[in-house]
Amino acid sequence: MLDVDLLKASANDRRQQIPAWRPERYFPPRRDGDLIRDGVCSLFIAQKPGVSRPTCGAHLKILARAGLVRSKKIKQWVFYRRDEARVAEAEHRRRLVTHRAGWITARGVPTGSRRNA
C-alpha cells in the first residue's frame, strides 16, 4: 500500500530529523506540559534547527498527517510527541523498500525497465 503522506514526510531531511529528537535529551522541561506524556512545544521544535515558526509548523502538519507525531494543545501552546507505533511502522517500511531496492539492483535489473512478463 502506497502511503502518500508518509512519503511526503520522509521527502525532507528536516522532517526526518524532527521525530528522531528525543524530548528528554534535546529539550528543556516545561511548566505547562510533560515532555514524555505531552511532547515538546512547537516553539522549541522550531528553535532547535533554527527555522521560523511557520516553516516548522508546516513540517509538523505534514508529520501529523502522516501520523508520525500527535499534537496536543495546552493553554496557548501546541505540543507534539512521537507516535511510537507509527514511527516503528514507517521505519519497517523504509527498511523493506531499501532491502527490495538493493535486491533488484544486485541482480542487475534496472528499476522500471521490465514490465510484468
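A contact here means heavy atoms within 4.5 Å.

**View 1. The whole chain, as a predicted model, with its six helices and three strands.** Start at the N terminus and the elements come in the order α-α-α-β-α-α-β-β-α. If you count the contacts with a separation of 6 or more, 54% of them join residues 24 or more positions apart. The protein has 117 residues, and 31% of them count as buried. As for the outside, about 8,300 Å² is exposed, with carbon and sulfur atoms supplying 52% of that area.

**View 2. Helix 5, residues 53–65, with a buried side and an exposed one.** From first C-alpha to last, the 13 residues of helix 5 reach 18 Å, close to the 18 Å expected at 1.5 Å a residue. Which residues of helix 5 are buried? They are C56, H59, L60, I62 and L63. These residues sit on the same side of helix 5 because they cover an arc of only 160° around the axis. Look at the other side of helix 5 and you'll find R53, P54, K61 and R65, which are exposed. Just past the end of helix 5 comes G67, where phi is positive at about 85°.

**View 3. What the buried residues of helix 5 pack against.** Among the helices, the partners are helix 1 (4–10), helix 2 (13–17) and helix 4 (42–47). Strand 2 (69–74) and strand 3 (77–82) are packing partners of these buried residues too.

**View 4. R14, a helix 2 residue that touches H59.** Is R14 buried or exposed? R14 falls in between: with a relative accessible area of 29%, it counts as partly exposed. Setting aside residues up to four places away in sequence, R14 touches P49, V51 and H59. Take the pair R14 and H59: they are 45 residues apart in sequence, yet their C-alpha atoms are 8.0 Å apart in space. H59 is one of the buried residues of helix 5, and helix 2 is among the elements those residues pack against.

**View 5. C41 and C56, two cysteines without a disulfide.** How many disulfides does the structure hold? The count is zero. Why is there no bond at C41? The closest cysteine sulfur to that of C41 is in C56, and at 9.5 Å it is too far for a bond. Seen from C56, the closest cysteine sulfur is the one in C41. For comparison, a disulfide calls for sulfur atoms within 2.5 Å. Both cysteines are tucked away from the surface: C41 is buried at a relative accessible area of 1%, and C56 counts as buried at 2%. C56 also belongs to the buried residues of helix 5.

**View 6. D83, in the loop between strand 3 and helix 6 (84–106).** Though it lies in a loop, D83 is buried, since its relative accessible area is 13% and the cut-off for buried is under 20%. What does the side chain of D83 make a polar contact with? The partner is the side chain of R70, at 2.5 Å. Not counting neighbours within four places in sequence, D83 is in contact with G67, L68, V69 and R70. G67 is the residue with the positive phi just after helix 5, so this view links back to View 2.

How values were computed:
Residues numbered from 1 in each chain as written. Predicted model: local features only at pLDDT ≥ 70, side-chain atom pairs only at ≥ 80, totals over all residues. Heavy atoms only, no water. Helix = DSSP H or I, 4+ residues; strand = E, 2+ residues; numbered from the N terminus. Buried < 20%, exposed > 50% of the residue type's maximum accessible area, 1.4 Å probe, protein only. Areas by Shrake-Rupley, 256 points an atom, 1.4 Å probe, with all protein chains shown as cover. Expected span 1.5 Å × (residues − 1). Arc of directions from axis to C-beta. Polar contact = N/O pair within 3.5 Å; in protein donor to acceptor, adjacent residues only side chain to side chain.
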